[in-house]
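Here is a friendly walk through one small set of residues. Keep the picture open while you read, and look each residue up as it appears.

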Amino acid sequence: MKNTIKIKAIISSSLIVSFLITTLTGIGLYFAPSERIARATNWTFLSFSKTSLENVHTIFGFIMAALIIIHFLLNYKLFKGEIKALNK
C-alpha cells in the first residue's frame, strides 16, 4: 500500500514537470519565427534554438502521454467510480 502511494506521487510529480516543460516549449514554439528566419537570426527561447525546442517539446510530449496512461491505470478504480457517479 505504501509503495503504491509512493509510485503515484512520483508519477504525479513527473506529470507536473513534464506538463510545465511541454507548456513552456509550446509557448516558445508558438512565438518562434520560421525555421529559416530562426537560423538566420540565431533566434533562441530560454537559450534553446527552434530545433532544440521542437526536440524537447516532442520528447516531453511523449513522456507526458506515457505518464498519463500509467496514471490512468494506477487510478482506474477511482476513474470508474467517477464515471458511475456521472451516470446517476
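What follows is a short tour of helices, buried residues, charges, a loop and a surface patch.

First, the ground rules. This is a predicted model, where local features need pLDDT of at least 70 and side-chain atom pairs count only at pLDDT 80 or more, while totals for chains, interfaces and linings use all residues. Residues are numbered from 1 along each chain as its sequence is written, and side-chain values use heavy atoms, with hydrogens and water left out.

**Inside helix H1**

Let's begin with Ile11, which is found in helix H1 (residues 2-31). Helices here are DSSP runs of H or I with at least four residues, numbered from the N terminus. Is Ile11 buried or exposed? Ile11 is buried, at a relative accessible area of 11%. For that label, buried means under 20% relative accessible area, exposed means over 50%, and partly exposed is in between, using a 1.4 Å probe and protein chains only. If you skip its neighbours within four places in sequence, Ile11 is in contact with Leu67, Ile70, His71 and Leu74. Contact means heavy atoms within 4.5 Å. Ile11 and Ala65 are 54 residues apart along the chain, and their C-alpha atoms are separated by 12 Å.

Thr25 is found in helix H1 too, and Thr25 is buried at 7%. Its side chain reaches the backbone oxygen of Thr22 at 3.1 Å. That fits the rule for a polar contact: a pair of N or O atoms within 3.5 Å, where within protein one must be able to donate a hydrogen and the other to accept it, and residues adjacent in sequence count only if both atoms are side-chain atoms. Beyond its neighbours within four places in sequence, Thr25 is in contact with Leu53, Val56 and His57.

**Charges: one pair, one loner**

How many salt bridges does the count come to? The count comes to 1 salt bridge, a term that needs a side-chain nitrogen of Lys or Arg within 4 Å of a carboxyl oxygen of Asp or Glu. Arg39 forms a salt bridge with Glu35, with the closest N and O atoms 3.5 Å apart. The two are separated by about one helical turn because they sit 4 residues apart in helix H2 (residues 35-41).

Now for Lys50, found in helix H3 (residues 50-74). Lys50 is buried yet has no salt bridge, and the nearest side chain of opposite charge, Glu54, is 4.3 Å away. Lys and Arg count as positive here and Asp and Glu as negative, while His and the chain ends are not counted. What does the side chain of Lys50 reach at 3.0 Å? It reaches the backbone oxygen of Pro33.

**Out on the surface**

Here are some residues with their accessibility.

| Residue | Relative accessible area | Label |
|---|---|---|
| Arg39 | 56% | exposed |
| Glu35 | 23% | partly exposed |
| Phe31 | 60% | exposed |
| Leu46 | 55% | exposed |
| Ser47 | 71% | exposed |

Leu46 is placed in the loop between H2 and H3, and Ser47 lies in that loop as well. Most residues other than glycine have a negative phi. Leu46, though not a glycine, has a positive phi of about 55°, and Ser47, not a glycine either, has a positive phi of about 70°.

Finally, Leu24, Ile27, Tyr30, Phe31, Leu46 and Phe48 make a nonpolar surface patch of about 680 Å².

How values were computed:
Patch = residues over 30% accessible without salt bridge, like charges linked within 9 Å, V, L, I, M, F, W, Y side chains within 5 Å. Areas by Shrake-Rupley, 256 points an atom, 1.4 Å probe, with all protein chains shown as cover.
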